[in-house]
Amino acid sequence: MKTVELIAPCHFGMEAVLKREIIDLGYEISKVEDGRVFFVGDAEAICRANLFLRTAERVLIHVGSFHAESFEELFEGTKKIAWEEYIPENGKFWVAKATSIKSKLFSSSDIQSIMKKAMVERMKQHYHKEWFSEEGDSFPVRVFLMKDMVSVGLDTSGDSLHKRGYRLLVGKAPITETLAAALILLTPWKAERILIDPFCGSGTFPIEAAMIGANIAPGLRRAFLSEGWEHLIPATEWRLVREEAEDMVDTSVKMDIQAFDIDGEIVKAARDNARRAGVQEHIHFQQRAVSALSHPKKYGFLITNPPYGERLGAEEGIENLYREFGKRFASLDDWSAYVITACEDTERYIGRKADKKRKIYNGMMKTCYYQFMGGRPPKQRTGHKEDAEES
């Protein structure tokens, strides 16, 4: 495959984290927009991005962009895209999702229908056929309209990349794997530092942290839609990248990660999730109330998504729960706490102003990421500096 521009969507506000991930993979950033990072790569880049990116929702091939204020312009712009370079004669193709913001064209269903017709017309001209069986591999298209500019992407991932393959049973209002990974990467936590999630639910924060610490690629245990696109991405590319991911796993790493929840059944489910993720040996799971939260060592991290609103089921219970969390946090020596919640009185209940706050949408729910920063460990004799806190 020739070098192409790729699009990696992410949670709004997490663009800087994803950008850093992509740069660390060795690829050049071409543009950053709200909720999307554009970068340049080839067939290998598609494989590596799908397997290694922890904070991207999916990986799209950017097949074209154009201006459209009418359905006629949308049709013609879509028709000009060289679909035959990507979709074979028997390929199954459709517009899986259309998103429109501040654009004259706003009906998702109409946008999808018009673009499908335009794609068919282009394919007819190239393949000299009037009808397509569409019985081959799938080629879903995703389109994004912003202020009448249309960006068209071919989805290489299939299922969203937050579906790592390890989480079968989840608790109420779970946090996605991609957002959990992004929130962890916003902290200076490293594998040698203590991490506790006192409201672990299905175990997403501890599992994602353990995968980061053991250098386990998030896509290692799942398949991707474009693995069947051998006319674009040879099977050898996928095999080599998977071998690269396997070789990078560090099974010898020692971590102190603890996951607690008051619900014994959900703790059992979280432990099963960790087993499927291959990190069960790195996490200590236990049924425990937040009132029992303690640790004798200094400089640890609390990273958690505590119950709130619909998760707790009773509003009056929130204050007591958060006050108890704040009390136990205060008893920990030089620890840091990172809390994502929709509870607007979090700081008052915990009894401390957050050092930093970041507004985040967890699905459709508006939440805030409160960052309570503790002390840093003394510098090592080697001169290694502790990473700075990030906003």
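**Two helix pairs and a pocket**

In α2, Glu-44, Ile-46, Cys-47, Arg-48, Asn-50, Leu-51 and Phe-52 meet Glu-237, Trp-238, Val-241, Arg-242, Glu-244, Ala-245 and Met-248 of α7 (contact: heavy atoms within 4.5 Å). This contact divides into 8 nonpolar, 1 polar and 5 charged residues. The model is predicted: local features need pLDDT of at least 70, side-chain atom pairs 80 or more, while totals for chains, interfaces and linings use all residues. Numbering starts from 1 along each chain as its sequence is written, and side-chain values use heavy atoms, without hydrogens or water.

**α2 and α7**
- Helix α2 covers residues 43-52, and helix α7 covers residues 235-248 (helices: DSSP runs, H or I, of at least four residues).
- Their axes (lines fitted to C-alpha atoms over the stretch in contact) lie 9 Å apart, at an angle of about 40° on a scale from 0 to 180 degrees between N-to-C directions.
- That angle makes α2 oblique to α7 (not under 35, over 145 or 65 to 115 degrees).
- The crossing of α2 past α7 is right-handed (near helix turned clockwise from the far one by less than a right angle).

**α5 and α6**
- Helix α5 (residues 177-185) and helix α6 (residues 204-213) cross at roughly 65°, and their axes come within 9 Å.
- α5 also passes α6 in a right-handed crossing.
- Glu-177, Ala-180, Ala-181, Leu-183, Ile-184 and Leu-185 of α5 meet Thr-204, Phe-205, Glu-208, Ala-209 and Ile-212 of α6.
- Here the contact has 8 nonpolar, 1 polar and 2 charged residues.

**Largest pocket**
- The largest pocket holds about 930 Å³ of space (an open set on a 1 Å grid where a 1.4 Å probe fits, with protein on both sides within 12 Å along at least five of seven lines; volume is the space filled by probe spheres set on the points).
- Its lining has 31 residues (an atom within 4 Å of a point).
- Pro-9, Cys-10, Phe-12, Glu-57 and Lys-97 lie nearest the pocket's centre.
- Strands β1, β5, β6, β7 and β13 (E runs of at least two residues) each supply at least two lining residues.

Conventions: Ala, Val, Leu, Ile, Met, Phe, Trp, Tyr, Cys and Pro count as nonpolar, Asp, Glu, Lys and Arg as charged, and the others, Gly among them, as polar.
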